Amino acid sequence: MATEVQPDEKQPTDIVAKPTRIDRAKTALKDQRGHVGARFKDWLATGDIDDDEIMQLAGERKQRKNQEKIARQQGQVAVLHAQFAEAKAKFEADDASAAGLAPYAKRVATEESKLAALQGTPVMPPTGRDADIVRHGKKATRAGIVAVGGLGGLSAFTAAVEQATTGHPLLLSIGITAAGYGWYLLSRPFVAREEEGQAPFPLAPVSLPATFQADPAGGATPIVGGNVVMSVEQLPEGAKPFPLRNARTPDQLAQCVLLAARAEGVPIVEVSDVQRQPWGWQCVVRVSDGTPEAIIEKSGDLETKFDLPTNGVRPQPLKARRACAVLRLVDGDPFATAPGLPYRAPKSMSITDAFRIGTSVGGDPLELSLAGVMGLWVAASGGGKTGILQSLAEGTTACYDNITIDCDPHGDGLEDLGDAVRITARTTEQIEAVLLFFLVMSKGRARLRAKLGMGKKWKASAEHPAITIFIDEFPKLSSLAKLLAFDLLLVGRKELIQVEYASQGGTSRYLGENIAQMMALKAVGPCKVGDTRAVFGDGAVKEGYLPHKLSPATATDSKDAGHIFIQGVPGMADEPIEYAIHETQPAVLRKLGTERLEAGLLDPDQDSLDAMRGVDLPEYAEPEYDKDGDLKKPAAVELLTWDQLLRLCDAQPAERAPLADGAARQAVEDSVTVMEKAAVDRMKTETLLAALQGYDPDAYGEMTVDGFKALMKKAEAGAPITLGQIGDEQNPRGFKRDRLRHLL
């Protein structure tokens, strides 16, 4: 009878054998190998580096490559400067014309322009492609480490075994212990990270245009403000404004801007295109309502929120995107790294060429041509007006087809470049005669153009040069001079007789006539807000033109002297951008003036001089006669010939007979000699006479100052001229060595 099996009894086949210790070890080892493999694969795939870090590395890579390009270009510029210096020394040693240096100077200028362009081009934030390149590079590096490390580990193990067999097991013991500890670390349970492809920072809101949410396809130019960093919806809950100095990353900067704007009621809803600069931060902001005018109105309060200095918030509204502005948060000098003016050899450029005079707050060059451009330059006392005019004249005096004229009824005008200036007019008589002369010439040229086949505009050349007249301190001109200057403004442009007017103010109180709005080119430095509106228009402040926020220089601090906002630059869009005009030291300008004088200054072409004979004078410049034909009132100003005008303004006519031997010539020769011995290029009249008396007591011992002046006039050296500051004297009068040398 079969035995009945009870339900609770287990059959032998149902009994599971208990795993042995070896089985458990195998299972554990298998799991550990799985953890090690997964961890190793993740490391090779750079899974331990998140997208934020990769984007940061990509940004650093772009910055590094950009710096390397700049360094290479700086090296190229340095080499060219050395070559130019060597060539210049050779030319000087051979006593050759400085005009032969023009090709060298052109190469230097070209390479410096390339360098300036590199330095002024911002490094754009990294794209997804940049991030992929960095990640692939990391993967390749790690694969190389594995390959090299495997070979190195095998060699080390072999060496340890060899030492152990010879009775030195220490190295093998250390290796086994280290390998065991490494295995322990790698074999721990591994949890895979999130998949690649996450956004490196929070995604832009879905409501944004598609152009804001991805890189442009097909190599299209990115839209300004297209790289959104943060919107107001992404601000952390309960976050409060914090100082700008606490921002270290683009995300933190965007958060800082949005929080400060929200606290001050400025409707900024989006921050994009964030860039770290040596002087602070730059970004593009977008407002949801109104225009970026709200940023301008609240700039003072925002400076407090950011803990920035006065004028540290500098918004630049964008014409291409009405709701956007470039916001610059400045806690340093934006122009500290701006390059200086390049060397321009005598007669190395044309008046129609654009030449660099300054740099924008964003690092872009300010280049302009003055050919046929009437300009107004406004800056308060201490605003750098004289330096601005000298930078302009430094370009015009380097031209082979231009004559530079300097008129200043109050100051020293272009004194440092005086040798390269054809006429320097200071007195009312001189200025009125100069302006009448060129007003009549402009009318003569208007009738001459067709005969010369020039068409509707005068064409500048060395044979038919342009004329550029600088008038500093325009408000201090006489009433007649202002009237002549105004008429010249109306008719001189087509004839390439252009005038650059400079004034301490831009309102009708300063200019007499409301000529500011008539100017094609206008620039304003440190000034009053009324000047900003008078020159740029009533709505200029709302548009971002803020020269009235600039600070003029003091006796000990240059501050914002030479900084301007400008409109009407040929070939450049009008944008409310701050520029700094490059300052050139007086000694450098004087040296350039001497070089350009030695290369030869131009005179007006004979065609223009002949055409002046058939032109009627303006009525207010003609004499008045009574009904009997008798002179009732003489002419307010007389139209002079070119040579008469030169002599009136103490300038030397270009063509003259050699100075005959005699006391007059000897006085000029001796004057040059004593200046050379004293190693100076100018002397006051009294100082020069005293030096001559010490040099030749027999000839000059009993001579008076008036007698010496008469002798110099006989030598056609003219009357003493203003010399610029000498010691404590601001504007002493006397003689310049090179002008006297020219007589010989």
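In the predicted model, the lining of the largest cavity is made up of eight nonpolar, five polar and three charged residues. This lining comprises 16 residues in total, and the space enclosed within the largest cavity amounts to about 140 Å³. Nearest the centre of the largest cavity lie T397, C399, N402, G600 and L601. Two elements of secondary structure, strand β9 (402–407) and helix α15 (586–599), each contribute at least two residues to the lining of the largest cavity. Of the contributing elements, β9 provides the most, with three residues.

The search for such enclosed spaces rests on a simple principle. Where empty space is left is shown by rolling a probe the size of a water molecule over the atoms. In the present structure, four cavities of 30 Å³ or more were found.

The second largest cavity holds about 110 Å³ of space. Its lining consists of 14 residues, and those nearest the centre of the second largest cavity are R314, P315, L546, F565 and E578. Strand β4, which spans residues 313–317, supplies the largest share of the lining of the second largest cavity, namely three residues. When the residues lining the second largest cavity are sorted by class, seven are nonpolar, three are polar and four are charged.

Each of the two linings thus receives its largest contribution from a strand: β9 gives three residues to the largest cavity, and β4 gives three residues to the second largest cavity.

Methods:
Residues are numbered from 1 along each chain as its sequence is written. This is a predicted model: local features need pLDDT of at least 70, side-chain atom pairs count only at pLDDT 80 or more; totals for chains, interfaces and linings use all residues. Side-chain values use heavy atoms; hydrogens and water are left out. On a 1 Å grid over the protein atoms alone, a cavity is a set of points where a 1.4 Å probe fits but cannot get out, and a pocket is an open set with protein on both sides within 12 Å along at least five of seven lines; lining residues have an atom within 4 Å of a point. Grid points are joined across faces, edges and corners, and a volume is the space filled by probe spheres set on the points. Helices (H or I, at least four residues) and strands (E, at least two) are DSSP runs, numbered from the N terminus. Ala, Val, Leu, Ile, Met, Phe, Trp, Tyr, Cys and Pro count as nonpolar, Asp, Glu, Lys and Arg as charged, and the others, Gly among them, as polar.
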